[in-house]
Amino acid sequence: MNIPRTTKQGNIEFRWGERTYVMGIINLSRTRFSGDGLTNIELALSQAQRLENEGADILDVGGESTRPGAPPVPADEEIKRVIPVIEKLAPLVGIPISIDSYKYKVVRRALEAGASIINDQWGLKKEARLAELAAHRGAPIILMSNQRDRGGFDTAIKRDTGYYGDVMSVIISDLQKSIDTAMNSVCLPETLSSIPGLGFGKTWKYDLEIIRRLDELKVLGKPILLGPSRKSFIKMVLHLPADERVEGTAAAVGISIAKGADIVRVHDVKQMARICKMSDAIIRGRLGSQEIERSMP
């Protein structure tokens, strides 16, 4: 299957395959695993503008922690966290805002407030109506493969422990179902992207395997997003706290680009934007929008 060449979002056109796009993370929950959660609106706006200046192409705003074992946040509380930020942020930045939520009520309010992309960590499993909402609004929707509904979480060590045999077959099958659900709701093919979902019911060893085999997701014919930033698989390899995992994240980002990633979701935008630019120069033979002269010494 061929990946769509472009996805238009307002005045911005994502040209898949030409370069890697950077999604910057705006955490509005104190319980985020990465320790970077914000509860002050002004601090969130300042961080968002900084991330845009550092090279972010998308800002991903979320109000619920996705770390293993984190308590769920009611939709009304999530709305209180994210909507005031999105309302004030939308006129301040020149890049799209995505809403990191799987709750219909939250996503609808976020789109009304100025978000224009849906980032569904459950890939329409929890709320299939998000596909109809995306189709109605013409909003791109990012679909993630999430295995936490299958169990496999160890409460003692607070880590995902599920076993799936051939993990990539499970992920591809899961994402294909999500894509079919979206297409049945008349979502345009060029508005869909896929995420294998590092963690989310899969062990840290599976995370390493997913990055190593990321190119297998190309069979789905959708742009691939990967979110390796500061994840626990880096901790397990390097034995470092979340705020010291920038080098581990960089390695994962560079390799994921070599394996076909089109978007990377990261905390450390300045550093990862540089990693993306260098990786694109080597792997894609491009520097920004300009092709590198291959004949130059």
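Biologist: Let's start with one residue: where is D57 found?

Modeller: Happy to help. In this predicted model, D57 is found in the loop that runs between α1 (41–54) and β4 (58–62).

Biologist: Is D57 buried or exposed?

Modeller: The idea is to compare relative accessibility with a cut-off: buried means under 20%. D57 has 13% relative accessibility, so it counts as buried.

Biologist: Which residues does D57 touch, leaving out those up to four places away in sequence?

Modeller: The list is F14, R19, T20, Y21, V22, I95 and P96. R19 deserves a second look: its side chain makes a polar contact with the side chain of D57, at 2.7 Å.

Biologist: Now to the backbone. What sign of phi do most residues other than glycine have?

Modeller: Most of them have a negative phi. With that in mind, look at L124: its phi is positive, about 75°, although it is not a glycine.

Biologist: Where is the place of L124, and is L124 buried or exposed?

Modeller: L124 sits in the loop between β6 (117–120) and α4 (129–137). Its relative accessibility is 5%, so L124 counts as buried.

Biologist: And what is the phi of F200 near?

Modeller: F200 has a phi near 50°, again a positive value in a residue other than glycine. You will find F200 in the loop between β10 (192–195) and α6 (204–212).

Biologist: Does the accessibility reading work there too: is F200 buried or exposed?

Modeller: Apply the cut-off of under 20% once more. F200 counts as buried because its relative accessibility is 7%.

Conventions:
Residues numbered from 1 in each chain as written. Predicted model: local features only at pLDDT ≥ 70, side-chain atom pairs only at ≥ 80, totals over all residues. Heavy atoms only, no water. Helix = DSSP H or I, 4+ residues; strand = E, 2+ residues; numbered from the N terminus. Buried < 20%, exposed > 50% of the residue type's maximum accessible area, 1.4 Å probe, protein only. Polar contact = N/O pair within 3.5 Å; in protein donor to acceptor, adjacent residues only side chain to side chain. Contact = heavy atoms within 4.5 Å.
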